[in-house]
Amino acid sequence: MSELRQHAEEIAEQFSDQLDVSPDEVEERLENLVTEYRVPVDEARRSVINSYLDDAGMEREELGRGGSEEVRVNDIDEDEQWVDLRVELVELWEPRSDAIAQVGLLGDESGTIKFVSFDTSELPELEEGQAYELTNVVTDEYEGRYSVKLNRTTGITEIDEEIEVGDNAETVEGALVDIQSGSGLIKRCPEEDCTRVLQNGRCSEHGQVEGEFDLRIKGVLDDGEEVHEVIFDREATEELTGMTLEEAKDMAMDALDTTVVAEDMAGDLLGRYYRVSGPTLGRYVLVNDAEEPGQIDAEAALVKARSI
Ligand SMILES: [Zn+2]
């Protein structure tokens, strides 16, 4: 987004309750002032805002910060929204491009989100571990993942506060409609810090290795409106299926085939309705807790039946 476009969208948003102005129209007026009349951007912005204030019969003080409202990072689920954040800078990464001034993770109680600030925005540098109030940052979406962009209009205020950064926990539910490949009894690369799942005994990074057995389910929950991809780790899988890693190994040994484990699990679990919660990682929910709401209702009904 160009700088003028950013200003235009913000101005249009500020007047969205009072006037019917489109970002395109505002951008055109800014563009005209800046390119035709060589007016500095800040002045052009002021001038355009003043003329809209006149149109709306408003005083400058009545003008809020527009569409920017304070949100939790884990609640961000729309592209190109202007928002305010109260966050701690969790970590900085090495920028991969000269155009990027800073890139890293911001966090609040709800979780973390990637942020980017650009060189051209000439913002003060943010420091790891420091908490900030950030106004006028813009949300961005790429392949279902959200981030925020700081820009020239972003306000940065250091705040003296400890922020307990959350883990983007979410609760999703639906019928288990698919158990994906790489589920059941799997082997992981034993190399330190690798743990990649082996394909035919090979790690994509370390080649042929002696793998270590693990249990996992990569599943898809469908609630009729949305699908959610969920991952049950060994503990969650054992709890869900009632099958331990040792039992799974025995089953595979008897059949001389590891795929029987996933098939057995699929037979038991597919079509059942689950509600699961846990931290999110990209598009996956890593399951900490799973329950079958139907099951709970059935139990409650039994209790009730007994009490009559
Ligand atoms: Zn490996």
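Ser121 lies in the loop between strands β4 and β5, and in this predicted model the residue is buried, with a relative accessibility of 10%. Its surroundings come partly from a later stretch of the chain: once neighbours within four places in sequence are set aside, Ser121 is in contact with Leu150, Asn151 and Arg152. A further relation reaches back towards the start of the chain, where Glu3, although 118 residues away from Ser121 in sequence, has its C-alpha atom 8.6 Å from that of Ser121.

The next residue to consider is Glu122, which belongs to the loop between β4 (111–118) and β5 (131–142). Whereas Ser121 is buried at 10% relative accessibility, Glu122 counts as exposed because its relative accessibility is 63%, and the cut-off for that class is over 50%. The backbone of Glu122 also deserves a look, since its phi is near 50°, a positive value in a residue other than glycine.

Pro124 is likewise found in the loop between β4 and β5. Apart from its neighbours within four places in sequence, Pro124 is in contact with Gln102 and Ile156. For the second of these partners there is also a backbone distance, as the C-alpha atoms of Pro124 and Ile156 are 8.0 Å apart in space while the two residues are separated by 32 residues in sequence.

Moving on into strand β5, one comes to Asn136, which has a positive phi of about 60° although it is not a glycine. Asn136 can be set beside Glu122, whose phi is near 50°, but the two differ in their exposure: Asn136 counts as buried at 6% relative accessibility, and Glu122 counts as exposed at 63%.

Beyond this strand, Ile163 is found in the loop between β7 (155–159) and β8 (170–179). Is this loop residue buried or exposed? Ile163 counts as buried, because its relative accessibility is 8% and the limit for that class is under 20%. Its contacts, leaving aside neighbours within four places in sequence, are with Arg86, Val87 and Glu88, with Gly107, Asp108 and Glu109, and with Ala131. Lys114 offers a separate distance for orientation, as its C-alpha atom is 17 Å from that of Ile163, with their positions 49 residues apart along the chain.

It helps now to step back to the domains. The chain is divided into domain 1 (3–58), domain 2 (69–159) and domain 3 (170–291). The C-alpha centres of domain 1 and domain 2 are 25 Å apart, and the contact between these two domains involves six residues of domain 1 and six residues of domain 2. About 590 Å² is buried between domain 1 and domain 2, with carbon and sulfur atoms giving 52% of that area. On the side of domain 1, Gln6, Glu9 and Glu10 supply 69% of the area buried against domain 2, which is more than any other three residues supply.

The later part of the chain holds a zinc ion, whose protein donors are Cys189 (SG), Cys194 (SG), Cys203 (SG) and His206 (ND1), at 2.1 to 2.3 Å from the metal. The angles among these four donor atoms run from 106 to 116°, and the site is tetrahedral. For comparison, ideal angles at a metal are 109.5 degrees for four tetrahedral donors. Along the chain the donors follow the spacing C-x4-C-x8-C-x2-H. Within this set, Cys189 and Cys203 form a pair that links distant parts of the chain, with Cys189 in the loop between β9 (184–188) and β10 (202–203) and Cys203 in strand β10, 14 residues apart.

How exposed are the cysteine donors? Cys189 counts as buried at 2% relative accessibility, Cys203 counts as buried at 3%, and Cys194 is buried too, with a relative accessible area of 11%. A disulfide is a covalent bond between the sulfur atoms of two cysteines. Under the cut-off of 2.5 Å between cysteine sulfur atoms, the count of disulfides comes to zero.

A last stop is Thr259, which is placed in helix α6 (residues 259–269) and counts as partly exposed at 41% relative accessibility. The C-alpha atom of Thr259 is separated by 7.2 Å from that of Gly184, although the two residues are 75 residues apart along the chain.

Methods: Residues are numbered from 1 along each chain as its sequence is written. This is a predicted model: local features need pLDDT of at least 70, side-chain atom pairs count only at pLDDT 80 or more; totals for chains, interfaces and linings use all residues. Side-chain values use heavy atoms; hydrogens and water are left out. Buried means under 20% relative accessible area, exposed over 50%, partly exposed in between (1.4 Å probe, protein chains only). Donors are N, O and S atoms within 2.8 Å of the metal (3.2 Å for Na, K and Ca); water is not among the atoms, so sites may look incomplete. Four donors count as tetrahedral if all angles lie between 85 and 135 degrees; four count as square planar and six as octahedral if opposite donors are over 155 degrees apart and all others between 65 and 115; anything else is irregular. Helices (H or I, at least four residues) and strands (E, at least two) are DSSP runs, numbered from the N terminus. Domain bounds come from an automatic or database domain assignment. Contact means heavy atoms within 4.5 Å. Buried area is the accessible area (1.4 Å probe) that two parts lose on being put together, summed over both.
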